[in-house]
Amino acid sequence: MIEGIDVSHWQAKISYEKLAESGRRFVFAKAGELVNAATENPKEFNDDMYTRNIREAKENGILCGAYYYFHPFNSGRQAKHFLRLLESAPPDFPPVIDVEAKDGVDPKHIADCLKAMINHMVSVKKYTDIIIYSRWGFLVNEVGEPDWLKGFDHVLPDGEVIHVNVWLWLAQYNVELKNQPKDKTHTLAWQYTDKLRIPGIGVDLDGNKWLLSEELMLRLAGKGTEPT
């Protein structure tokens, strides 16, 4: 099984040379978030390790993605902020939205704000793939398991209709991923621990396993096409 990690500023300057030597093939790095998103004066937070993480991953032959910590308010501003960060240091994989904050609102509100953020990003960049990181229980109980979680058709501003695939990266710290949809065809990756240790890297890391095909991994990273 293909393994990788995810990181943010909390791990500081890890060695991507050691990461590559360990056989890990992908990394997801935090790009940022909108702090105090529900207030009149939210603040854009840029992860100060993001650019380095993307650069070092690419220099060491590790596929890289970027995630944005989502809050269920100010969808348009979050989308614009994430797009600016993606432009500043383009990752390989499609955008990842980290969905784990309730911020005191109900599931419909969370789902509507999340979909609005995705719609904005798709309208601007014509993404045909989006990745959501969360726990399956959170997506069911706190987001209401909206019917678009497997994908949806999106109408662009010029009237063109494109299909957007929604992929899931699920967290569950266990020996197996038990809590996931019955239909596993869109469950892309599994975060199985936050205590991973790799020789030469002196901090705990989040460990991840890629659950679908290598061909799909390469296609999503823009390195190849998935066989028909």
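Is His71 buried or exposed? That is a good place to start a friendly walk through this predicted model.

1. **His71.** With a relative accessibility of 11%, His71 counts as buried, because the cut-off for that label is under 20% relative accessible area. The residue sits in the loop between E4 and H3. Setting aside neighbours within four places in sequence, His71 is in contact with Glu33, Leu34, Ala37, Gln78, Ala101 and Asp103. If you have the structure open, those six names are worth clicking through.

2. **The chain as a whole.** You will find 6 helices and 10 strands in the protein chain. A compact globule of 228 residues would have a radius of gyration near 17 Å, and the chain agrees with that, at 17 Å. Its C-alpha trace spans about 45 × 45 × 35 Å along the principal axes.

3. **Inside and outside.** Of the chain's 228 residues, 54% count as buried. The protein chain exposes about 10,700 Å², and carbon and sulfur atoms supply 47% of that area. Taking the contacts with a separation of 6 or more, 63% come from residues 24 or more positions apart.

4. **Helix H2.** This helix covers residues 50–59, and its buried residues are Tyr50, Arg52, Asn53, Ile54, Glu56 and Ala57. What do they pack against? Their partners are strand E1 (3–7), helix H1 (16–21), strand E2 (26–35), strand E4 (63–69) and helix H3 (75–88). After H2 comes Gly61, which has a positive phi, near 70°.

5. **Asn53 as a close-up.** Asn53 belongs to helix H2. Its relative accessible area is 1%, so Asn53 is buried. Not counting residues up to four places away in sequence, Asn53 touches Val7, Tyr16 and Ala29. Two of the elements that H2 packs against, by way of its buried residues, are strand E1 (3–7) and helix H1 (16–21).

6. **Charges overall.** The protein chain carries 27 positive and 33 negative charges, and the mean positions of the two sets are 2 Å apart. Side chains of opposite charge can pair when their charged atoms come close. How many salt bridges does a search of the whole structure find? The search finds 15. The next points look at some of them.

7. **Lys209 and Glu3.** These two form a salt bridge in which the closest N and O atoms are 3.0 Å apart. Lys209 lies in strand E10 (residues 201–210) and Glu3 in strand E1, so the pair ties together parts that are 206 residues apart in sequence. Are Lys209 and Glu3 buried or exposed? Both of them are buried.

8. **Lys18 and Glu21.** Here the salt bridge has its closest N and O atoms 3.8 Å apart. Both residues are in helix H1, and being 3 residues apart, they are separated by about one helical turn. Lys18 is partly exposed, its relative accessible area being 34%, whereas Glu21, at 54% relative accessibility, counts as exposed.

9. **Glu142 and Lys102.** The side chains of Glu142 and Lys102 also meet in a salt bridge, at 3.9 Å from N to O. This pair links distant parts of the chain, 40 residues apart: Glu142 is in the loop between helix H5 (136–141) and strand E7 (151–155), and Lys102 is in the loop between strand E5 (96–98) and helix H4 (107–125). Glu142 counts as partly exposed at 23% relative accessibility, and Lys102 counts as partly exposed at 39%. Elsewhere, salt bridges that share partners join Glu3, Arg24 and Lys209 into one network.

10. **Lys108.** One last residue to look up is Lys108, which lies in helix H4. Its relative accessible area is 59%, so Lys108 is exposed. How far apart in space are Lys108 and Glu142? From C-alpha to C-alpha they are 8.5 Å apart, although 34 residues separate them in sequence.

Notes. Residues numbered from 1 in each chain as written. Predicted model: local features only at pLDDT ≥ 70, side-chain atom pairs only at ≥ 80, totals over all residues. Heavy atoms only, no water. Buried < 20%, exposed > 50% of the residue type's maximum accessible area, 1.4 Å probe, protein only. Helix = DSSP H or I, 4+ residues; strand = E, 2+ residues; numbered from the N terminus. Contact = heavy atoms within 4.5 Å. Rg over C-alpha atoms; globule rule 2.2 N^0.38 Å. Areas by Shrake-Rupley, 256 points an atom, 1.4 Å probe, with all protein chains shown as cover. Lys, Arg positive; Asp, Glu negative; His and termini not counted. Charge placed at Lys NZ, Arg CZ, Asp CG, Glu CD. Salt bridge = Lys/Arg side-chain N within 4 Å of Asp/Glu carboxyl O.
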